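Here's a quick briefing to read alongside the model. Have the sequence and the 3D view open as you go.

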Amino acid sequence: MSVSIDQVFVKQFEADVHLAYQQMGTKLRSTVRSKTGVVGASTTFQKVGKGVASTKSRHGIVPVMNLNHEPVECVLQDYYAGDWVDALDELKTNVDERRVVASAGAYALGRKTDELIVDAMGAATQNVGDYTGELSKKLIMNAVEVLNTNDVPDDGRRFAVVGVQQWNQLLGMDEFISADYVGDENPIVAGFETRKWLGITWVLYNGLPLDGDNRDCFIYHASSVGHACGQEVKSDITWHGERAAHFISNSMSQGAVLIDNDGIVRVKCKENA
């Protein structure tokens, strides 16, 4: 056997982890402003104010907008997920144990990524609803009105994250499910719970804040929340002869922060209404 066989194992495993993380590990990372390759313990997102256009005289100097730049710091944190793979267990099972552990580690880190993003959303102070009723068209339109009042761009980068019960309530609205309203180009695809409606991409996510029967959902613009990554999901595999097993350690360094409170609205819904 080649002495480099372990390196093949490591590279194959890392490829499996990265693929699993990208495919099913995180649902929310692509819905927010993301920065990769961060060096250091934190990074800064710039919150840029609104510019004002002015006239100028012939041959005069073009007026400067003097945009307000407000830096928002995002602190990165390190996370790990590991497990053992026994050498002989791999001979006794019909499943690819390496791939199983790879997927489990990637999903764990993906859930942590989404948890960081949701925690950042939780700092929002704009609210609609009062936890006394289920998700309704009125609540949704109130949230959209808040975004429109704040001049949040309707540029295809608005998103909504809702829980399982709220998703089912959406499915009870003709405006949400009917092609007459959303068009044939926005079908509901089984196993991939997203839907485009009202210029908003709706995402089903099962990890939103729940306090008793009080569920928080969020409607937001992608630029209102920042996600920073210092290290993508990475695997370290070490053979332990005394255990006759590989220890597989997955790790990442990431963080999330609320950038612009004007671009996000918390929708307060009652669970089991």
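Which residue in S13 is the bridge partner of valine 128? It's valine 267. Keep in mind that this is a predicted model. Valine 267 is a good place to start, since this residue comes up again in the core below.

**Around strand S13**
- Strand S5 (residues 127–128) pairs with S13 in the parallel sense, over two bridges.
- On top of that, S10 and S13 run antiparallel and are joined by seven bridges. Asparagine 214 sits opposite lysine 270 of S13 in this arrangement.
- S13 is largely enclosed by the rest of the structure, because six of its seven residues are buried.
- Skipping neighbours within four places in sequence, valine 267 touches Val128, Leu135, Leu139, Ala143, Arg215, Asp216, Cys217 and Ile219.

**Nonpolar cores**
- The largest nonpolar core holds 41 residues, and Leu170, Trp202 and Val267 have the most contacts inside it.
- Several elements supply at least two residues each, among them helix H2 (97–121), helix H4 (164–171), strand S8 (200–204), strand S10 (214–221) and strand S13 (264–270).
- H3 gives this core its largest share, namely five residues.
- There's also a second, separate core of eight residues, including Val38, Phe45, Cys74 and Ile259.

**Aromatics**
- Six aromatic pairs turn up in the structure.
- One of them is tryptophan 167 with phenylalanine 176, an edge-to-face pair at 5.5 Å centre to centre with 85 degrees between the planes. Tryptophan 167 counts as buried, at 3% relative accessibility, and phenylalanine 176 is buried too, at 0%.
- Phenylalanine 176 also pairs edge-to-face with tryptophan 197, at 5.7 Å centre to centre and 80 degrees between the planes. This pair links distant parts of the chain: phenylalanine 176 belongs to helix H5 (residues 174–177) and tryptophan 197 to strand S7 (residues 194–197), 21 residues apart.
- Both phenylalanine 176 and tryptophan 197 are buried.
- Put together, Trp167, Phe176, Trp197 and Trp202 make up one aromatic cluster. Trp202 is also among the residues with the most contacts inside the largest core.

**The four-stranded sheet**
- Elsewhere, four strands form an open sheet in the order S1-S11-S12-S4, with mixed pairing.
- Strand S1 (33–35) and strand S4 (77–86) are the edge strands; each has a single partner strand, so one side of each is left without a neighbour in the sheet.
- On average, neighbouring strands here are turned by 25 degrees against each other, direction ignored.
- S1 and strand S11 (residues 225–240) run parallel, joined by three bridges. Within S11, histidine 227 is the residue opposite serine 34.

**Cysteines**
- How many disulfides does a search of the whole structure find? Zero.
- Why is cysteine 217 in no disulfide, as far as distance goes? The nearest cysteine sulfur, that of cysteine 269, is 4.2 Å away, and a disulfide needs the sulfur atoms within 2.5 Å, so the two don't qualify.
- Cysteine 217 counts as buried, at 1% relative accessibility. Cysteine 229 is buried as well, with a relative accessible area of 1%.
- Cysteine 217 is also one of the contacts of valine 267.

Conventions. Residues are numbered from 1 along each chain as its sequence is written. This is a predicted model: local features need pLDDT of at least 70, side-chain atom pairs count only at pLDDT 80 or more; totals for chains, interfaces and linings use all residues. Side-chain values use heavy atoms; hydrogens and water are left out. Buried means under 20% relative accessible area, exposed over 50%, partly exposed in between (1.4 Å probe, protein chains only). Two strands pair if DSSP finds at least two bridges between them. Axes are lines fitted to C-alpha atoms, for helices over the stretch in contact, and angles run from 0 to 180 degrees between N-to-C directions. A nonpolar core is a set of buried Ala, Val, Leu, Ile, Met, Phe, Trp, Tyr and Cys residues joined through side-chain atoms within 4.5 Å. Contact means heavy atoms within 4.5 Å. Rings of Phe, Tyr and Trp (its six-membered ring) pair if their centres lie within 6.5 Å; planes under 30 degrees apart count as stacked, over 60 as edge-to-face and the rest as tilted.
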